[in-house]
Amino acid sequence: MQLKFQSCVENLFDVLRTGAQEMGIKMRVLTSVFSLLIITMNAGAMAQENFQGLETIGKPEPKGIGFQFPATELMRDVVWLDNFLLIIITAISVFVTLLIAYASYKFHISRNKQAGTFTHNSVVEVMWTVIPVIILLFIGVFSLPILFKQQEIPEADITIKVTGYQWYWGYEYVDHDFGFESVLLQKDELAEYGYAPDEYLLATDAAVVIPVGATIVMQLTGADVIHAWTIPAFGVKQDAVPGRLAQLWFAAEKEGIYFGQCSELCGQSHAYMPITVKVVSQAQYDDWLKGAIEEYAGSPQNIMMAKK
């Protein structure tokens with residue numbers, strides 16, 4: 001019954017979207033109406049996601065200029081590499097600045113009335129070719145293992161299929177044969193779901209729930225256009241392309257609530273499809289999973305294939 005209702009709602013949204021485009025109605029308004037219908041469908045799972053005392057960790061901070069708290073090994077590697085590269089580029093910038101200052105002083109017209117006539121210096125030309133190559137090789141020694149670690153997908157403890165829609169996310173826990181949709185919460189709904197006012201455009205009605213320390217493999221695809229699933233605190237980002245199935249992995253090391261947003265321009269309401277992940281203890285996850293299976297079992301997410 002729920003699957004049929006979901007399919008009807010999706011078909012209705014397609015009809016309304018076509019009509020809205022013809023009438024010039026803003027898609028943001030239409031998306032809000034559609035979001036309310038999806039929230040109604042997911043209302044049964046809301047109570048199971050209100051984990052008491054769960055700290056909000058992964059979200060933007062006012063006047064912040066650095067990375068979010070690194071909650072995975074992958075993100076710690078990214079932060080380390082960023083700091084490592086900062087040292088190298090700072091040293092290069094200081095050297096070039098001093099070189100320019102020295103040349104400006106040494107070869108100023110007041111000290112060199114007669115300009116030099118040479119055009120080549122083989123030693124210098126070899127140095128400015130070889131030294132950058134050595135620097136790049138040195139960086140590669142440290143950066144390539146980090147890249148390979150991100151791209152080599154380990155054996156999963158939990159596999160979740162993620163489908164990007166215009167403009168919300170669908171999740172399917174493939175090992176347990178159930179799925180649900182996750183859409184933006186409006187401002188007047190944040191308190192009801194346990195979120196702070198400044199978490200508008202970040203919080204969703206249904207969150208991805210995972211146990212701390214587990215290896216999570218996300219399989220990503222798009223149902224209509226290209227989307228991108230990302231959680232900055234986890235150090236992961238992957239395009240969701242229609243007709244293809246991409247993968248990413250992570251293992252969260254600290255319990256808490258983490259936010260992300262679609263990171264690929266996907267249409268008018270691109271800014272209104274956030275991502276919420278709740279990392280909980282294994283016991284809490286087991287309890288949530290039991291309730292989620294009871295709520296959704298037998299009605300796995302209806303994955304919409306891209307139209308040719």
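**Entry 1: Glu-73 and its partner**

I began with Glu-73, which is partly exposed, with a relative accessible area of 34%. The model I am reading is a predicted one. Glu-73 forms a salt bridge with Lys-149, and their closest N and O atoms are 2.8 Å apart. I noted that this pair links distant parts of the chain, since Glu-73 is in helix H4 and Lys-149 in helix H5, 76 residues apart. Lys-149 counts as partly exposed, at 27% relative accessibility.

**Entry 2: Arg-76**

I stayed on helix H4 and looked up Arg-76, which lies in that helix. Its side chain meets that of Glu-253 in a salt bridge, at 2.4 Å from N to O. Glu-253 lies in the loop between strand S9 (246-250) and S10, so this pair ties together parts 177 residues apart in sequence. I read a relative accessible area of 38% for Arg-76, which makes Arg-76 partly exposed. Glu-253 is partly exposed as well, with 43%.

**Entry 3: Lys-59 and Glu-199**

How many salt bridges are there? I counted five. One of them joins Glu-199 to Lys-59, with the closest N and O atoms 3.1 Å apart. Glu-199 lies in the loop between S4 and S5, and Lys-59 lies in the loop between strand S1 (56-58) and H4, so the pair ties together parts 140 residues apart in sequence.

Are these two residues buried or exposed? Glu-199 is buried, at 3% relative accessibility. Lys-59 is also buried, with a relative accessible area of 13%. Both values fall under the 20% limit for a buried residue. I also found that Lys-59, Asp-198 and Glu-199 are linked in a network of salt bridges.

**Entry 4: aromatic pairs**

I then turned to the rings and counted 18 aromatic pairs. The pair I took up next is Trp-80 with Phe-142: the ring centres are 5.8 Å apart and the planes stand at 45°, so the pair is tilted. This pair links distant parts of the chain, with Trp-80 in helix H4 (residues 73-106) and Phe-142 in helix H5 (residues 122-151), 62 residues apart. I noted Trp-80 as partly exposed, with a relative accessible area of 42%. Phe-142 counts as partly exposed too, at 31%.

After that I looked at Tyr-195 and Phe-259. Their ring centres are 6.1 Å apart and their planes are at 55°, so this pair is tilted. Tyr-195 sits in the loop between strand S4 (178-182) and strand S5 (208-211), whereas Phe-259 is in strand S10 (residues 256-261), 64 residues apart. Both Tyr-195 and Phe-259 are buried.

Ring pairs also form a cluster, which I wrote down in full: Tyr-171, Tyr-173, Phe-178, Phe-180, Tyr-285, Trp-288 and Tyr-296.

**Entry 5: charges over rings**

Which ring does the charged end of Arg-111 sit over? I found it over the ring of Tyr-105, 3.8 Å from the ring centre. Lys-254 lies over the face of Phe-69, at 5.1 Å from the centre of that ring.

**Entry 6: nonpolar cores**

In soluble globular proteins, nonpolar side chains tend to be buried together. With that in mind I looked up the cores here. The largest nonpolar core has 57 residues, of which Ile-160, Tyr-173, Trp-229, Phe-234 and Trp-288 touch the most other members. Helix H6 (residues 282-296) gives the most to this core, with five residues. Tyr-173 and Trp-288 had already come up in the ring cluster.

I followed Phe-234 further. Leaving out residues up to four places away in sequence, Phe-234 touches Ala-71, Thr-72, Leu-74, Met-75, Phe-250, Ala-252, Tyr-258, Val-277 and Val-279.

Apart from the largest core lies another, of five residues, among them Leu-81, Phe-84, Ile-88 and Ile-146.

**Entry 7: cysteines**

I searched for disulfides and found zero. Why is there no bond between Cys-262 and Cys-266? The sulfur of Cys-262 is 3.9 Å from that of Cys-266, its closest cysteine sulfur, which is too far for a bond. A disulfide would need the two sulfur atoms within 2.5 Å. From the other side, the closest cysteine sulfur to Cys-266 is that of Cys-262. I noted Cys-262 as buried, at 6% relative accessibility. Cys-266 is buried too, at 4%.

How values were computed
Residues are numbered from 1 along each chain as its sequence is written. This is a predicted model: local features need pLDDT of at least 70, side-chain atom pairs count only at pLDDT 80 or more; totals for chains, interfaces and linings use all residues. Side-chain values use heavy atoms; hydrogens and water are left out. Rings of Phe, Tyr and Trp (its six-membered ring) pair if their centres lie within 6.5 Å; planes under 30 degrees apart count as stacked, over 60 as edge-to-face and the rest as tilted. Helices (H or I, at least four residues) and strands (E, at least two) are DSSP runs, numbered from the N terminus. Buried means under 20% relative accessible area, exposed over 50%, partly exposed in between (1.4 Å probe, protein chains only). A charge sits over a ring if NZ of Lys or CZ of Arg is within 6 Å of the ring centre and within 35 degrees of the ring normal. A salt bridge is a side-chain nitrogen of Lys or Arg within 4 Å of a carboxyl oxygen of Asp or Glu. A nonpolar core is a set of buried Ala, Val, Leu, Ile, Met, Phe, Trp, Tyr and Cys residues joined through side-chain atoms within 4.5 Å. Contact means heavy atoms within 4.5 Å.
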